[in-house]
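Grab your viewer and work through a few exercises on the structure below. Try each task yourself before reading the solution.

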Amino acid sequence: MSWLSVAKKDFIDSRRSKGLLGLISLYVLLLALIVYFAGDSPQSAMTDVLALMSLIGIFIIPLSALIVAYLSIAGERESGSIKYLLGLPNTRFDLVVGKFVGRSMVITVGLLLAFGVAGVLGVVMLDSVDFVVFAKFFLLMLFFTLTYIGIAVGLSALCASRSRAMASSVGVFFVFNVLWTVPTISPAAALRYVADDKLGMTLGPEIYELVFLISPPYAFQRAAGLVFTEQSIYFPRYITPQMNIPFYLEEWFMLVILGAWLVAPLAIGYLAFERADLG
């Protein structure tokens, strides 16, 4: 399993990075501060802390994951060290999979530390800690993070230089976290303009809601309803609670969307990397 040796080497190399240690420290500090200030509130609960983290996390997690992984392959190509890696008994497939696993291990350690510190502080400072909700939210946050690691490694495999990898990562964050929410130019708004105003078609609000939920951060927020069953984390843009919700807008289907975002960029990046001239 050559990809495993690539993953081990990548994990060892990554954990020496001061930038990655800084990101892990940020995770730990952020969750610790949220728990600390929540402890001053009457009837403070860990569920409320996690709900707040789900709102903040749609910005912090994508940025962190993209920073961790955007140079995973592009950086090796620009420095020339990729020839050494492929000179060993490693295929290009091993390199893509190994880089994904290695960077995923790094980010998983960071999340474990952050949630571990938050759990200990929660037991000491908060009125209640629901460990079932705590564990479910950790797994959902980890899945969301791995989705962006997959996107970043896929982009890195597509790009031949650091600058292109960086520009692609910034573009992904801007599109999914900023452009997606601008009412007049978001993809859902653009589809509505073309379909309704230009073509005279009548698309149901479910279609526009689905287009909005294709964005990984908002699919994550919708999926958080599987964890926080007694409070709303995601607020629909086009549908209402009284409507019959099709299966593709259900909370569980958001996991399918996130899974597709994890796999598809990796597959596309690998196919492009397999054909790339590294000379």
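Here come some ground rules and then three exercises.

This is a predicted model, where local features need pLDDT of at least 70, side-chain atom pairs count only at pLDDT 80 or more, and totals for chains, interfaces and linings use all residues. Numbering runs from 1 along each chain as its sequence is written, and side-chain values use heavy atoms, with hydrogens and water left out.

**Exercise 1.** Find which residues are linked with Lys99 in a network of salt bridges.

*Solution.*
- Step 1: get the cut-off straight: a salt bridge is a side-chain nitrogen of Lys or Arg within 4 Å of a carboxyl oxygen of Asp or Glu. Searching the whole structure turns up four of them.
- Step 2: start from Asp10, whose side chain meets that of Lys99 at 3.0 Å, N to O. Asp10 sits in helix 1 (residues 2-15) and Lys99 in helix 6, so this pair ties together parts 89 residues apart in sequence. Helices here are DSSP runs of H or I with at least four residues, numbered from the N terminus.
- Step 3: go to Glu76, which also bridges to Lys99, with the closest N and O atoms 2.7 Å apart. Because Glu76 is in helix 4 (residues 74-79) and Lys99 in helix 6, parts 23 residues apart in sequence get tied together.
- Step 4: put it together: the network links Asp10, Glu76, Lys99 and Arg103.

**Exercise 2.** Is Arg103 buried or exposed, and what does Arg103 contact?

*Solution.*
- Step 1: apply the scale: buried means under 20% relative accessible area, exposed over 50%, and partly exposed in between (1.4 Å probe, protein chains only). At 11%, Arg103 counts as buried.
- Step 2: place the residue: Arg103 belongs to helix 6 (residues 92-125).
- Step 3: list contacts (heavy atoms within 4.5 Å). Beyond neighbours within four places in sequence, Arg103 touches Asp10, Ser14, Val68, Ala69, Ser72 and Ile149.
- Step 4: zoom in on Val68: its backbone oxygen is 2.6 Å from a polar atom of the Arg103 side chain.

**Exercise 3.** Work out where Ser54 sits and what surrounds Ser54.

*Solution.*
- Step 1: Ser54 is part of helix 3 (residues 46-69) and, at 0% relative accessibility, counts as buried.
- Step 2: with neighbours within four places in sequence set aside, Ser54 contacts Phe137, Phe220, Gln221, Phe228 and Ile233.
- Step 3: check the side chain of Ser54, which reaches the backbone oxygen of Ala51 at 2.5 Å.

Methods: Helices (H or I, at least four residues) and strands (E, at least two) are DSSP runs, numbered from the N terminus. A polar contact is a pair of N or O atoms within 3.5 Å; within protein, one must be able to donate a hydrogen and the other to accept it, and residues adjacent in sequence count only if both atoms are side-chain atoms.
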